[in-house]
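Hi,

Here is the structure I promised to pass on. Have a look at it first, and then read on for what turned up.

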Amino acid sequence: MGIVNDVRENGLAGLEHNFITAKVEDLVKWSRSRSSWPASFGLACCAIEMMATGAAHYDISRFGMEVFRASPRQADIMIVAGRVSQKMAPVLRQVYDQMMEPKGVISMGVCASSGGMFNNYAIVQGVDQVVPVDVYAPGCPPTPETLIHAIETLHQLIEDGEITRRRAETGAGADVHITEIPAAATPVPVLLGVR
Ligand code: SF4
């Protein structure tokens, strides 16, 4: 706590006369969890909430992920925001395959997770049939608060190594279902570090 207080009060100068020890593996996982970049990939109305999550009020740059990458080769998080049509499924899989390892997937909204109200032959009845899903964000659409909850959950899974462990063992996703957070009647700031 002494180091933390020194840094809090004096910035980097507070590190003087101190040192920190850690395993390289833990540092790599920690830095990955705080610099994950999502692929630009919006499929339907849920994508509007995803865009709102990136904009000024919710500002996901606070979590080290301000840039939605246009190239999947520069992205390591896929947010499936909206229903997945049969026609889009192979494209979605191709984007996923081209993303950097290790990578995580958030299924955003009931349509992506289960087909939602589109119970028909044109829509994939759950994106887990196409890519391994790590976190399911419920709602139609999920609020930005819910998406941030999903992102924070994914960051925790990256940090504790759960995603890489699951992929190596079974090839499946972490399959975590989070609870929905309703939008506040009066918008309140989403605080950094509150999961
Ligand atoms: S879950 Fe609702 S908001 Fe999201 S894509 Fe489906 S219909 Fe649109």
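Let's start with the ligand. Helix 5 (residues 109–114) gives the most to the shell around the ligand, with three residues. Bear in mind as you read that this is a predicted model.

If you want to pick out the whole shell, look for Ala44, Cys45, Cys46, Gly82, Arg83, Gly109, Val110, Cys111, Gly116, Cys140 and Pro141. Sorted by class, that shell has seven nonpolar residues, three polar ones and one charged one.

One of those shell residues, Pro141, is worth a second look. A cis peptide bond links Cys140 to Pro141, with omega about -10°. You'll find Pro141 in the loop between strand 3 (135–137) and helix 6. There is also a cis bond between Glu101 and Pro102, where omega is about -15°. Pro102 sits in the loop that runs between helix 4 (89–98) and strand 2 (104–108). I mention these since most peptide bonds are trans, and most residues other than glycine have a negative phi. On that second point, have a look at Asp59: its phi is positive, near 55°, and it isn't a glycine. Asp59 belongs to the loop between helix 3 and strand 1 (77–81).

Now for the helix packing. How do helix 2 and helix 6 run relative to each other? The axes of helix 2 (residues 24–33) and helix 6 (residues 144–159) come within 8 Å and cross at roughly 165°, which means that helix 2 is roughly antiparallel to helix 6. Their crossing is right-handed. On the helix 2 side the contact is made by Lys29, Trp30, Arg32 and Ser33, and on the helix 6 side by His155, Ile158 and Glu159. By class, this contact has two nonpolar, two polar and three charged residues.

Helix 6 also packs with helix 3 (residues 46–54), at an angle of about 75° and with the axes 9 Å apart. Helix 3 is therefore roughly perpendicular to helix 6. Here Glu49, Met50, Ala52 and Thr53 of helix 3 meet Pro144, Leu147 and Ile148 of helix 6. The contact between helix 3 and helix 6 divides into five nonpolar residues, one polar and one charged.

Last, the annotation. An unreviewed UniProt entry carries the label "domain: NADH:ubiquinone oxidoreductase-like 20kDa subunit" for residues 45–153. In the model, the end C-alpha atoms of residues 45–153 lie 23 Å apart, and the span is 32% helix and 12% strand.

If you only have a few minutes, I'd start at Cys140 and Pro141, as both are around the ligand and a cis peptide bond joins them.

Cheers

Terms used
Residues numbered from 1 in each chain as written. Predicted model: local features only at pLDDT ≥ 70, side-chain atom pairs only at ≥ 80, totals over all residues. Near = placed C-beta within 6 Å. Helix = DSSP H or I, 4+ residues; strand = E, 2+ residues; numbered from the N terminus. Nonpolar A, V, L, I, M, F, W, Y, C, P; charged D, E, K, R; others polar. UniProt positions renumbered as here; feature names shortened; annotations may be inferred. Axes fitted to C-alpha atoms, helices over the stretch in contact; angles between N-to-C directions. Parallel < 35°, antiparallel > 145°, perpendicular 65-115°, else oblique. Left-handed = near helix turned anticlockwise from the far one by under 90°. Contact = placed C-beta atoms within 7 Å.
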